[in-house]
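Reader: I would like to learn how to read contacts, cores, sheets and helix surroundings. Please begin with one residue and work outwards.

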Amino acid sequence: MRVRLPRVVAGWMVTLAMVLTVTGCVAIPNSSAPQPVEGFNRSLPTNLVPTPRRSDDPESLVRNFFKAMADPASGHAASRRFLTPGASERWDDQGPMTILSETRVVVDERSESAVRLRVLGEKTGTLSPIGRLTQATGAMVIPLTLTKQNGAWRVSGDMPAGTITDSAQFDATYRLAELFFPDRTATRLIGDPRWLYGLTVDPTNLLNRLLAGPAPDLTGAVATAAEKDVELRGPVAVEGDRVSVNLGGPIDADARNRTVLAAQLIWTLEGAGIRGTYLISADGVPLIADRSDGWRTADVEAFDPDPGAGDQPLHVLRGGLFRVTPSGPVPVAGPLGTATDLRAAAISAKRTRVAAVAEGDGGQVLLQGPYGGEVTEVLAAAEITSPSFGALTDTGYALVDGRPVQWTVGDGPARVVPLDFGEVTAAYPGRITAFRVSPDGVRAALLVGGRVLFAALSVSDRGAPSLTGVSPATFGAGTPVGAIAWGGATTLYVTRAGTETPVLRIRVSGLPPLAMVSGNLKPPVGTVAATRSTVYVADVRSVMELGTAPGSADQYWTSAGQAPEGAVPVVQAG
């Protein structure tokens with residue numbers, strides 16, 4: 001549904017399974033092999049899917065049939081060529097596409113004119129009709145009957161509903177794009193990852209999906225500047241440096257909302273590599289009169305979904321809060337730097353505010369205040385963990401006696417509001433042992449009964465915050481998960497028990513976890529903290545760091561400055 005934007009701004013397979021090889025085989029890395037740089041470094045085929053050949057034997061025809069099902073165009077016309085007319089008529093191709101790894105074809109009966117066989121594989125993902133990828137697990141068996149017609153084999157038996165393809169074909173034919181929607185303050189854009197079929201991202205398809213609205217898990221957490229019936233009037237035209245977008249329908253006349261809509265369109269196209277001067281019109285006239293000569297990304301820079309985070313120095317916690325410098329740890333100014341009883345801490349974006357958990361009389365106390373300044377008590381409880389900040393510096397989150405809460409500071413005492421987490425417990429019963437809000441303030445990660453979950457921070461029509469759109473971040477990390485931390489708005493790091501690959505990286509785009517290199521780590525690994533370019537963990541010695549920036553990723557962990565033994569890493573949101 002559409003969430004109305006305010007006129008005045010107010011106060012969840014580049015790899016498939018743990019690692020995807022170019023052959024489509026998936027496996028969990030069990031050694032400290034060099035850390036791959038993620039991204040689709042594919043050689044682009046001239047024909048995306050195969051076509052049936054008269055010379056195909058039954059096994060080859062079935063394998064190619066599964067590859068052809070990756071193409072959704074014209075009601076899966078490419079894959080219907082592998083079916084008899086009767087089988088094609090009976091096949092219900094609607095619904096999600098299942099992605100399999102390590103497929104095998106087993107022939108059960110064979111004659112000169114008919115074959116009965118089974119296709120076996122392990123599920124690694126499911127792609128929804130809107131392009132949302134979620135992880136999947138479990139074996140799948142697809143029985144098929146083939147008959148020879150006019151000298152060529154065709155699938156003649158009934159097909160299961162939906163479509164199925166193999167992971168190598170998915171990797172070769174799908175591209176990841178992000179649709180961008182404003183958060184509820186209409187000041188930031190939030191990414192909604194979608195997987196789209198094709199050699200390149202088609203701009204018309206991309207914007208049609210954008211105008212259709214956010215994915216169901218984000219409904220209630222983001223807004224949209226487009227009215228329900230706003231649509232493209234014709235294809236997006238890309239001519240040299242000019243990208244023309246003509247909209248039609250009931251577009252809000254408010255200049256602010258139209259600017260937000262332009263930002264959605266521009267950053268969605270820009271993120272997909274469709275760059276230039278954007279000529280955006282509504283029913284044939286410029287969306288905003290002052291932009292008749294076109295828009296550049298600089299015109300909507302305030303909405304940049306991936307702005308530079310600036311300086312993000314490492315902090316550590318060991319009794320008090322310290323900033324790590326080249327000459328060693330230095331206590332931060334104020335009472336948190338001289339404290340001896342801090343157990344957890346969080347720092348807001350741009351280091352404007354800090355929250356900390358301290359030991360109190362018979363329990364624990366959540367403190368907050370300006371970075372380097374005096375702090376005040378937010379609340380007291382028997383157990384307080386997981387302090388974190390989202391995008392707003394005056395709003396923080398914590399897990400209080402196993403229940404997530406949101407606190408906000410203003411002129412008076414901090415206002416504490418419990419988050420409705422009924423959807424979490426209904427789907428995944430158990431105690432919440434960790435809860436972290438992403439830097440964009442829209443997504444959250446939770447640890448429930450050892451399972452890592454994603455959720456969205458939604459707001460009801462009555463203004464009550466809640467956790468919705470709950471889904472598993474991964475189907476099992478192999479060993480118990482100990483800690484979670486966001487490394488940017490779309491990447492989560494988790495630590496797990498064991499001596500091999502104790503750190504995993506999980507993307508909200510649906511990619512299965514990637515086991516990070518473990519060279520030079522001394523497990524067990526405890527806490528984890530991360531920025532967009534570096535991940536920090538505490539092992540049995542001290543705080544260790546690993547660079548993760550594309551093109552310059554580290555191959556082994558190194559000591560993070562001169563952090564003392566037993567220190568806990570802390571980084572700012574952003």
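Author: Contact means heavy atoms within 4.5 Å. Not counting residues up to four places away in sequence, Ser458 touches Thr219, Gly220, Ala221, Ala464, Pro465, Ser466 and Thr468. This is a predicted model, in which local features need pLDDT of at least 70, side-chain atom pairs count only at pLDDT 80 or more, and totals for chains, interfaces and linings use all residues. Residues are numbered from 1 along each chain as its sequence is written, and side-chain values use heavy atoms, with hydrogens and water left out.

Reader: Is Ser458 buried or exposed?

Author: Buried means under 20% relative accessible area, exposed over 50%, and partly exposed in between (1.4 Å probe, protein chains only). Ser458 has a relative accessible area of 6%, so Ser458 is buried. By contrast, Pro550 counts as exposed because its relative accessibility is 71%.

Reader: Where do Ser458 and Pro550 lie?

Author: Helices (H or I, at least four residues) and strands (E, at least two) are DSSP runs, numbered from the N terminus. Ser458 is in strand S29. Pro550 is in the loop between strand S37 (543-547) and strand S38 (558-559). The C-alpha atom of Pro550 is 8.3 Å from that of Ser533, 17 residues apart along the chain.

Reader: How is the sheet with S29 read, and which strands stand at its edges?

Author: Strands of a sheet pair through backbone hydrogen bonds, either parallel or antiparallel. Two strands count as a pair if DSSP finds at least two bridges between them. Here four strands form an open sheet in the order S27-S28-S29-S30, with antiparallel pairing. Strand S27 (432-437) and strand S30 (465-472) are the edges; each has a single partner strand, so one side of each is left without a neighbour in the sheet. From one strand to the next, the twist averages 30 degrees. Axes are lines fitted to C-alpha atoms, for helices over the stretch in contact, and angles run from 0 to 180 degrees between N-to-C directions. S29 (residues 451-459) and S30 pair over six bridges, and the bridge partner of Phe454 in S30 is Ser471.

Reader: What is the order of the sheet that contains S19?

Author: The order is S19-S20-S21-S22, an open sheet of four strands with antiparallel pairing. Its edge strands are S19 (342-347) and S22 (376-381), each pairing on one side only. Neighbouring strands are turned by 20 degrees against each other on average, direction ignored. Eight bridges join S20 (residues 353-360) to S21 (residues 363-370); Glu359 stands opposite Gln364 in S21.

Reader: How many residues does the largest nonpolar core have?

Author: A nonpolar core is a set of buried Ala, Val, Leu, Ile, Met, Phe, Trp, Tyr and Cys residues joined through side-chain atoms within 4.5 Å. The largest has 43 residues, and those with the most contacts inside it include Leu206, Leu261 and Trp295. Among the elements that give two or more residues to this core are helix H5 (203-211) and helix H6 (255-271). H6 gives the most, with eight residues.

Reader: Why is helix H1 described as largely enclosed?

Author: Eight of the eleven residues of H1 (residues 58-68) are buried, so H1 is largely enclosed by the rest of the structure. The buried residues include Leu61, Phe65 and Phe66. Their cover includes helix H2 (73-80) and strand S3 (97-110).
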